[in-house]
Structure formats: C-alpha cells, structure tokens
Amino acid sequence: MNILRRVSLARLLLLCGLVVALGVSATAIAFAVDSGPTPPAKPLANALHDALAGAGGESIQGVSAHVKLTDHLLEGGSLASGGGEAGQLASSPLLAGASGRLWIAKDGRVRLELQAEKGDTQILYDGHTVSLYDASTNTLYRYTIPAHEGGSAASGPSPSDHHEVPTVAKIEEAISHLSSHANVSTTPTDIAGQAAYTVRISPKEGGSLIGGAELSFDAVHGAPLRAALYSSTSASPVLELAATKISYGPVADSVFAFTPPPGVKIHEVSFSHHEGATGATGATGGAGKPKLTSHGHGLSTIAVLESQTPQGAAKSGSEPLEGLPKVTINGASATELRTELGTLLSFERLGVRYVLAGSVTPATIEALARGL
C-alpha cells in the first residue's frame, strides 16, 4: 500500500490510465454511429441467453477494429496548467483520449494501440503480463499478474474452456440480485451496423460521483460492443472506448509480438501487500505498517491510508502529486487529484502521511480529512 506515497505522478497517472484503458478495451469491441437493424424488445435475461446461445458467438475467432478512446476522467484536475510531469501527462493519449487500433484474439490476448503526436502508446495483455509502452518517453511498464489471478491466454483455448450457457432462470436470478443494489434497464439499438442491446446500470444510492455504466452487446453473436462509464454530474460518458470499424476473424500471432526499441527504460510494476491491512472499518497491519480504514458505505466509501514518516527523512524536492491543486487541511498543505469519478487527497501532519481516496467530491473528502 506504500506505493501511493512513493510513486511519481507520471507512474501514478499512467497506471490509472493503463487500468482504465485495458479494463474498457477488454469489453468494448465495437461502436459506431452507422444505422443498422434494431433487435426486438426483450427482457434482459432472454436477450442475454439468446445472444450467448446464438450460433454466431461460436464463429468469432478474433476481433480487429479501429477505435477511439474518449477520456474526460481528469478534466478539472488542472494537469494542463501544471508544469513538469503534470503538463506532459495532460497530452498522454490515455488521459486525453486518442484514436488507434484494437485486436483481441480468441484466446484472450489483447493489443491496444493509441496514436499521439509525440508517439504512440501500446498496451498488451498475453494472459500473464500487462505491458504499457509509452513511445514519447521510450518507457515500458510491465505488471506480471500473480499466478492465482492470471488467465491462460498464452496456453490457448482447450475443449475444457467451453462453458454451458446459463438458463434464463439463472440469468434472471443474477439480474434480480443486481437489481437490489442498482437500477438496470435494457434498450434495443444498432451499433456498428449490428443489432444490439444496451444495458445501463446505475446505483440506487446517492452520495458518490459514480453515475452509471453502459454495456452494449451483439444480439446475435453475444460479443460486447461498447462500454462506457458515467459520472453523476454529467449526462455524457466520462470514459468510452469506441470502434469506428470492426471485422471478425482470426488475428495473426505476429500482431501480439512487440519488441521495444533500443534504449527503452523498463519499470516492473508491483504492489505491496501487508498482512492484516484490510479495507474494513479500522484494521491495521501492526507496528510500523500502514493502517487502512474506510469511512461511509457503498459507492461513497472513502478509504484512508495512514503511514508513519521515517524520522529524519528529508523531504523530497518533487512531490508525487506536484502540479495539482493545493488545499489546506488543519494548517497542513495537501495535494489533491480531482477527477470526474472521484478524488485523491494526500498530506502529511505530525509525522504521519495521510492518503484519502473515494468516489466523492473534493468537498466531501476534505471534510473527512479535517476531522482526522
């Protein structure tokens, strides 16, 4: 958990962008404004069952698409006005949005290529390792997924990978459970010239900046076609990955082979896990270890990480969140990363470093910080 204190702004935001872009690209396959057939209105459970059971789903050997990433996540974060790393990152395709290409193999391998004036950004996933290459700085970030969490894309699909399509009753049961926490609606539409259904999920409880999410899927093939995240403060998506052209068919193995140029700077990304530290309401990892607590409930929960500052440690000349807005928390200067979906606040007081994060407004997180 101490990574939040040590990581530079560049690595922090590129890591956020990597998670966002990879997570969306793994589900968003095709989206376009072309008119096309609209499927008949159906209950969501029936639409999902029919799409998953359709013969078309079995015929998809891979996906190749031209894509456009829209990213308004950090609007209001004052990155563009900041100097140094903040100003440079404001133009990153992961944070500013970009056009590019997306390939997804049948075995789950993914390559997302986003084009930018200062150099393309590449994101690759082979089932075991996530890699992000930033051409503008000739830097490669790699994260190896722990064995118990990783997939099996590298080994390829096998007959045992086939899963039986759930019954309508099972799907209805899952939707019913989801509906106890969120509003769920379905709209027949057409996407990329394909008959599709768009499912919107929005939280029933208020207090957070999460407004909802939308996922569109092919009514015949069952393949996801579009994914978007919304803030509670805007009707437009904060994050959306859209393909303007789409084709189905095998993707050559060479597409997923990537060799960075000479002189590349490689950073192996890792996360520290502390026994005893948990997101419950007040757990600590013991003496000298960070303490993680949570305040609130549901989507409006705020996580608070407290860690001791080593005695005699010199203050860094470059703060991890340098270039972001400053606020005062009980006399202490704090840096604040404001996004459309949440807020991150960091400050130090009396030898303790506090990091607060939550899907809430800056005012809400600042109020909690002043009460610590």
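**Entry 1: contacts and overall make-up**

I began with contacts between residues at least 6 apart in sequence, and in this protein 58% of them join residues at least 24 apart. I note here that the model is a predicted one. I then listed the secondary structure, which comes to eight helices and 19 strands in the protein. When I looked up burial, I found that 43% of the 372 residues of the protein count as buried. For the surface, I wrote down that the protein exposes about 18,200 Å², with carbon and sulfur atoms supplying 56% of that area.

**Entry 2: pairs brought together from far along the chain**

I turned to Val63, which lies in strand β1, residues 62–71, and which is buried, with a relative accessible area of 4%. Its partner in my lookup was Val251, which is 188 residues apart from Val63 along the chain, while the C-alpha atoms of the two are separated by 7.1 Å.

I next looked up Ala242, whose place is in strand β11, residues 237–248. I recorded a relative accessibility of 10% for Ala242, and because buried means under 20%, Ala242 counts as buried. The C-alpha atoms of Ala242 and Val67 are separated by 5.2 Å, although these two residues are 175 residues apart along the chain.

**Entry 3: Glu336 and its surroundings**

I wanted to know whether Glu336 is buried or exposed. Glu336 lies in strand β17, and I found Glu336 to be buried, with a relative accessible area of 0%. I then listed what Glu336 touches, not counting residues up to four places away in sequence, and the list holds Leu324, Pro325, Val327, Thr343, Leu344, Leu345, Pro362, Ile365 and Glu366. For one of these, Leu324, I also noted the spacing, since Glu336 and Leu324 are 12 residues apart in sequence and 6.1 Å apart in space, C-alpha to C-alpha.

**Entry 4: two asparagines with positive phi**

Before looking at backbone angles, I reminded myself that most residues other than glycine have a negative phi. I then found that Asn138 has a phi near 50°, a positive value in a residue other than glycine. Asn138 is found in the loop between β5 (129–134) and β6 (139–144), and at 15% relative accessibility Asn138 counts as buried.

I also checked Asn330, which has a positive phi of about 50° although it is not a glycine. The place of Asn330 is in the loop between β16 (326–329) and β17 (332–338). Asn330 is partly exposed, with a relative accessible area of 45%, whereas Asn138 counts as buried.

**Entry 5: the packing of α3 and α7**

Lastly I looked up a pair of helices, keeping in mind that two packed helices are described by the angle between their axes and the distance between the axes. The axes of helix α3 (residues 44–53) and helix α7 (residues 168–179) come within 9 Å and cross at roughly 130°, which makes α3 oblique to α7. I recorded the crossing of α3 and α7 as right-handed. Which residues make the contact? From α3 I listed Leu44, Ala45, Asn46, Leu48 and His49, and from α7 I listed Val168, Ile171, Glu172 and Ile175. Sorted by class, the contact of α3 with α7 has six nonpolar, two polar and one charged residues.

How values were computed:
Residues numbered from 1 in each chain as written. Predicted model: local features only at pLDDT ≥ 70, side-chain atom pairs only at ≥ 80, totals over all residues. Heavy atoms only, no water. Axes fitted to C-alpha atoms, helices over the stretch in contact; angles between N-to-C directions. Helix = DSSP H or I, 4+ residues; strand = E, 2+ residues; numbered from the N terminus. Parallel < 35°, antiparallel > 145°, perpendicular 65-115°, else oblique. Left-handed = near helix turned anticlockwise from the far one by under 90°. Contact = heavy atoms within 4.5 Å. Nonpolar A, V, L, I, M, F, W, Y, C, P; charged D, E, K, R; others polar. Buried < 20%, exposed > 50% of the residue type's maximum accessible area, 1.4 Å probe, protein only. Areas by Shrake-Rupley, 256 points an atom, 1.4 Å probe, with all protein chains shown as cover.
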